[in-house]
Amino acid sequence: KVFTSALASELAERLIEKINEGNPRHRAMPADLQAKIDLAKALVASGLCPKIKKGRDEIPMTVEQVVVSLQLGDELGLAPLQAVQGIDVVYGRPAPRYQIMLAVVQSSGKLESYREDTTEERSTVTAKRRGMPDPITFTFSMEDANRAEILGNPSWKKYPRDMLRNRAGGRPLKTAFADVLARIALEDELADGGRITKHGIG
């Protein structure tokens with residue numbers, strides 16, 4: 001199928017129709033691969049996709065990267081723009097930002113309670129799954145980050161609270177809700193390895 005501005009308009013109209021129909025789970029997410037490819041082309045052409053930061057350069061997302069984000073978003077029950085804006089492709093792996101991971105867990109109905117206590121030096125996150133006898137708590141500190149040699153990522157200096165929270169929260173969420181998150185790696189975890197990531201943090 002040749003991608004044209006007319007096709008982009010048609011896809012946009014179909015998106016609006018599906019949104020208005022009110023599908024609470026996928027909200028306009030295409031069901032099949034070809035439809036995802038068409039939507040990815042429309043999103044790339046629209047300029048709505050975040051750019052990828054590689055060194056000092058910012059490069060556009062490719063259609064293939066958008067399709068990967070859409071596919072994982074589909075599996076997690078996200079709307080298309082939620083997937084594209086909230087899932088990074090890092091070193092060939094789709095990786096959701098922390099808020100996306102937390103939102104997926106919350107929408108699953110299996111989260112009984114969630115609590116976080118974060119400073120610029122450490123973060124402690126506690127999550128309890130319904131039906132489990134005890135909550136899971138994990139703490140991550142700047143000392144831990146230094147020991148793991150991940151402070152070279154500039155985001156640790158710009159957004160220490162967010163980075164600490166993301167690290168501390170990832171462990172209890174992935175442990176207590178492994179069936180919901182399916183061993184997905186967080187964007188921050190992959191980005192700390194010095195690989196390609198969209199600018200900003202989860």
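This passage describes the overall make-up of a predicted protein model, then one pair of strands and the salt bridges.

The protein comprises 202 residues, of which 44% count as buried. Its secondary structure consists of 10 helices and eight strands. Among the contacts with a separation of 6 or more, 58% are accounted for by residues 24 or more positions apart. The exposed area of the protein is about 11,000 Å², and carbon and sulfur atoms supply 51% of that area.

Strand E5, residues 111–118, and strand E6, residues 122–129, run antiparallel and are joined by seven bridges. The connection from E5 to E6 is a hairpin of three residues. Leu111 has Arg129 in E6 as its bridge partner.

The structure holds seven salt bridges. In general, side chains of opposite charge can pair when their charged atoms come close. One salt bridge is formed between the side chains of Glu112 and Lys128, with an N to O distance of 3.5 Å. This pair links distant parts of the chain, since Glu112 lies in strand E5 and Lys128 in strand E6, 16 residues apart. The two residues fall into separate accessibility classes: Glu112 is partly exposed, at 42% relative accessibility, whereas Lys128 has a relative accessible area of 14% and is buried. Lys128 is assigned to the buried class because its value of 14% is under the cut-off of 20%.

Two further salt bridges involve Arg147 in helix H6, which spans residues 142–147. In one of them, the closest N and O atoms of Glu143 and Arg147 are 3.5 Å apart. Glu143 and Arg147 are separated by about one helical turn because they stand four residues apart in helix H6. Both ends of this salt bridge are exposed, with Glu143 at 55% relative accessibility and Arg147 at a relative accessible area of 54%. In the other, the side chains of Asp144 and Arg147 meet at an N to O distance of 2.5 Å. Asp144 and Arg147 are three residues apart in the helix, so about one helical turn separates them as well. Arg147 thus takes part in salt bridges with Glu143 and with Asp144.

A network of salt bridges links Lys110, Arg129 and Asp179. Arg129, a member of this network, is also the bridge partner of Leu111 in the pairing of E5 with E6.

Technical notes:
Residues numbered from 1 in each chain as written. Predicted model: local features only at pLDDT ≥ 70, side-chain atom pairs only at ≥ 80, totals over all residues. Heavy atoms only, no water. Helix = DSSP H or I, 4+ residues; strand = E, 2+ residues; numbered from the N terminus. Buried < 20%, exposed > 50% of the residue type's maximum accessible area, 1.4 Å probe, protein only. Contact = heavy atoms within 4.5 Å. Areas by Shrake-Rupley, 256 points an atom, 1.4 Å probe, with all protein chains shown as cover. Pairing = 2+ DSSP bridges. Salt bridge = Lys/Arg side-chain N within 4 Å of Asp/Glu carboxyl O.
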